Amino acid sequence: MLVQQILNGLTNGSLYALMAVGVTMVYKSLGMLNFAHGDVMMIGTFICLTLINVGGLNVLVAIPLAVVCSAALGFCLERLVLRRVEFSSFVNLLIATVGVSYVLRNGAMVLFGTNPQKFPSIFSTTPLDIFGFKITPQSIGTICVSLALIIALHFFFTKVKIGKCMELASSNPESATMMGINVSLMRFMTFGISAGLACCAGVLIAPYTYARADMSATIGLKAFAAAILGGIGNLWGALLGGLILGVVEALGATYISSAYRDAFSFIVLFIVLFVKPTGLLNRKIENKL
Amino acid sequence: MKKLTALLLALAMVLSLAACGSSSSTSDADTSTTTTSETSDSTTTSSSDTFKIGLVCPLSGSSAVSGAILQNAVQMAVDEINEEGGINGSIQIELISADDEAVPATSVTAVQKLVEQDKVNVVIGSQPSSCTLANMEITEAAHIPQITPASSNVSITESGNDYIYRMTSTDTTNAKTLLKYAQSLGYTKIAMCYESSDFGTGGYNIVAGLVEEYGIEMVDSEVYNSGDTDFSVILGKMDAAQPDCFFMWGYHTECAAIMTQMQQYGYDYQMIGYGMNSPELVTLGGDAVEGICICTSFDAADPDPDVQEFDTKYQELYGTSYDQNGPQSYDAVYLIADAVERAIADGADWSSGEVLNEYIASAEYTGLTGTTTFDENGEMVKDLMIITVKDGIHEIIDWQ
Amino acid sequence: MALLEINNISKVFGGLTAVGDLDLKVEETQISAIIGPNGAGKTTIFNMITGAYHVTKGTVVFDGTVINDEKAPNAMKPHKIVELGIARTFQNIRLFKKMSVLDNVMTGFHSVSKNGMFNIIYNPAKAKKEEEANREKALEILRFLGLEELKDANAGDIPYGTQRILEIGRALATSPKLLLLDEPAAGMNKAEKQDLIKIIHRVREKYNLAVLLVEHDMELVMDISEEITVVNFGRRIACGTAAEVQANEEVIEAYLGRSDD
């Protein structure tokens, strides 16, 4: 049971990690928490579902298309909404994203209806028997894809030129400008990539949770919790935070109470922040204000 | 200029919120005139020549599918009656719907609006037990009869409320039917999962209290929350208790997920339950829900001609399928119409809530769902059936 | 035509005129300075040159291109101005503290090698080659500044004075024609300041660029500058050689009279 639940926790955790990475990227680059992140994930999922159901596309074709559309949505949001509020206060920026979240969610209810809808999985759901433990290819696939995406992102930010520029632009915008980097453009791209990542997370999550307009409810918050737990602004922190959250949740539900499953993530978060306020992997206090 | 824009934006927000929050009325007109009713030849005149039915149910949120069924069925019945001229051939029915989003607090507000603002003669609703339990106090205080065609928690009719009626099977009848069925299959140990809401908890309590009578032991029970998506933990625990079968008391979304995960983890148990008989179960669950046994008071698989006619017409009008709450709501409207007609025949004033209440209490109406009468608590007794899903289609099991 | 021409610029913030009707010219390879009391508007002038602020009045022309114009809705984008050839260091050090000394200098090559900026498709061979070339160029700059030994040290860990030199090195990586130094000697001791003077001269010679600095250390300014502009309350009160400026009555009254530092 223990091992089964740890495996389970890792699956969920890798999804939280993927979402947390998107959150943390935006925080690092724009200094704000994007409360619409979960809803962007939801919209991306529905775009994919529409492409499959209405457009008749194969899942493997629909997903990359949906990711691109999501990124485009992210770009639009940055230009149309965030730009306007950019130089106003931190709180305004936050409220703006809450507003976007509201619009996206209700828009989805109108466009796609309020019932949960089945979402196809790209991996098989027939369980495999490994050392007596049941694990589906879907689980394994989810973990692998999430990890792969995060590692690819790390590679992007450290080795690929534009990624490096984005990284510099987030950590030190004035100096980056002085190095000839268009910081504004870098921010724009960060947001778009973050949105694309959210869509990836969504298409991995939806086979488990069904596509629904309120998908973002719990996972949205957990993404923030994971990002903060691992150290906000830190890519590996997001990964670590997500995995820890997933496992703690699974174990808490198993050994303490399954009804309070969702609470465990937040309990862990509070404890960690109490002991180490900057999060697990961050070294000093990041003062973005 | 900035201030003006801000002002306009604020105004737009307020208006859109108001539009969202308001109920979807079929007609706004308040036709309370003082003309005497043509059908009444007694001195007691009705204050209007329309009969207002208020419907409260979830029209948005995760229970929207279930709520829509009430809305559709009630609308169908209302339209049919109005086409024939109305109740007693002359009284048109006005249907006013209110969305309670399956949230008890919202349900209370919705019924308050129906009763105080729209001044309805009767309320039908709600669908979730938690909402009905909350909002039935409003109709009781206003002396307006209320029929719930869908809520199954027993406290609804056991709280001394004289104005509430139920036209769906109770948790007790459901539980008894399920346990009897399990017993007939030779099961002696069950593990049960249920939703943490009033609906699920109510069901669990009753089943837990009745198991012994059927020679069954409940070896494990697990609770989950509506909206949960990961059931591996509870399924693992239920499996570890080594039951003969699984019991479930909850709704179709979670049921589909639970059975899908049972398949993924290789938990091969018979699932028996109540609450998940919805058109969406097969859509969401696919082949994972094959073989599930659900107890219900109505299923379109019933060969009765009236049932078939309802089924065909509902499909034609709305294009979706429905669960037992559909015909129950449909019958509720006709039962009410019948009560009004009997009142008129007696020369009584049906516009008075107390009077109408008496006539509903004494109803004996035969419709799609059989013959409906109410006991002194407003409870209805009915014989139930067990259906199963075979090749994605519902099939009635002949087991008695 | 001068390399940098500032024509009658003003900057007004709400009711406050930070800079008013200022003219300034910097010729190619010239070393100039702007001096004035605190709050005189010196950094504001720099900000108008780099495009951080849009001029309220006047124009700034660099190498024949108008980079800041009251008639335009905004100043030219700062990163574009960098590409044109203006580099700047800051009053408070803005190095990439978590990166090594060498990496800091290498970041300066991002804009210069413009091709491949949007090369999302990662070409490892090409990237490696470019990386090697940049590394060489960066090492050369470090060698020139005498920082080669520290190349792998964390930029945040090296001594303060050395950090300032490193900032100059990073700026050099962007191949500027004009180097703006904002209080480069702040916090330095006497020996470090001497080094700085030598470095500025050598940099000018080797890289053939003009230098415009804002400084409070009068000795340094007088030693190094070929032309000095004195500002007070946002306005130019004098402009000329060190000797001319020192003799100027208004300047003495406003500034030089008080002992500084």
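The following paragraphs describe the chains of a predicted model, their contacts, and selected elements of chain B.

Two pairs of chains are in contact, and of these chains A and B share the most contacts. Chain C is in contact with chain A, through 20 residues of chain C and 17 residues of chain A. Chains B and C, by contrast, are joined by no contact, and their closest C-alpha atoms lie 18 Å apart.

Chain A contains eleven helices and two strands. Along the sequence, these elements follow the order α-α-α-α-β-β-α-α-α-α-α-α-α, with the two strands placed after four helices. For the 289 residues of chain A, a compact globule would be expected to have a radius of gyration near 19 Å, and the value computed for the chain, 19 Å, agrees. The C-alpha trace of chain A spans about 60 × 50 × 35 Å along its principal axes. Of the 289 residues in chain A, 54% are buried. When contacts in chain A between residues at least 6 apart in sequence are considered, 73% of them join residues at least 24 apart.

Chain C is built from ten helices and ten strands. Its radius of gyration is 19 Å, close to the 18 Å that the globule rule gives for 261 residues, so chain C is as compact as a globular protein of that length. The C-alpha trace of chain C extends about 60 × 45 × 30 Å along its principal axes. Buried residues account for 42% of the 261 residues in chain C. Of the contacts in chain C between residues at least 6 apart in sequence, 68% link residues at least 24 apart.

The contact between chains A and B involves 22 residues from chain A and 25 residues from chain B. On the side of chain A that touches chain B, two or more residues are given by each of α1 (2–30), α8 (183–209) and α10 (235–255) of chain A. Among these elements, α1(A) gives the most, with four residues. The composition of this side of chain A is nine nonpolar, eleven polar and two charged residues.

In the contact between chains A and C, 20 residues belong to chain C and 17 residues to chain A. The elements of chain C that give two or more residues to the side touching chain A are α2 (78–84), β6 (86–88) and α4 (109–112). The most is given by α2(C), with four residues. By class, this side of chain C has eight nonpolar, eight polar and four charged residues.

Chain B is divided into domain 1 (2–168 + 306–372) and domain 2 (171–296). The contact between the domains takes 15 residues from domain 1 of chain B and 16 residues from domain 2 of chain B. On the side of domain 1 that touches domain 2, the elements giving two or more residues are α2 (64–83) and α4 (129–141) of chain B. The largest share of this side, three residues, comes from α4(B). The residues on this side of domain 1 of chain B comprise five nonpolar, nine polar and one charged.

Strand β3 (residues 122–125) of chain B is buried along its residues: B:V122 and B:I124 point one way, B:V123 and B:G125 point the other way, and all are buried. Strand β1 (residues 50–57) of chain B runs parallel to β3(B), and four bridges join the two. Within this pairing, B:V123 in β3(B) is the bridge partner of B:G54. Strand β4 (residues 146–148) of chain B is also parallel to β3(B), to which two bridges join it. Here the bridge partner of B:V123 is B:Q146 in β4(B).

Helix α5 (residues 171–184) of chain B has 14 residues and reaches 20 Å from its first C-alpha to its last, close to the 20 Å expected at 1.5 Å a residue. Its buried residues are B:D171, B:T173, B:N174, B:A175, B:T177, B:L178, B:L179 and B:A182. The cover over these buried residues of α5(B) includes the helix α6 (198–210) and the strands β6 (189–195), β8 (245–249), β9 (270–274), β10 (293–296) and β13 (385–390) of chain B. Just after α5(B), B:G186 adopts a positive phi of about 85°.

How values were computed
Residues numbered from 1 in each chain as written. Chains lettered and ligands numbered in written order. Predicted model: local features only at pLDDT ≥ 70, side-chain atom pairs only at ≥ 80, totals over all residues. Contact = placed C-beta atoms within 7 Å. Rg over C-alpha atoms; globule rule 2.2 N^0.38 Å. Buried ≥ 20, exposed ≤ 12 C-beta atoms within 10 Å, placed from the backbone. Nonpolar A, V, L, I, M, F, W, Y, C, P; charged D, E, K, R; others polar. Domains from an automatic or database assignment. Expected span 1.5 Å × (residues − 1). Pairing = 2+ DSSP bridges.
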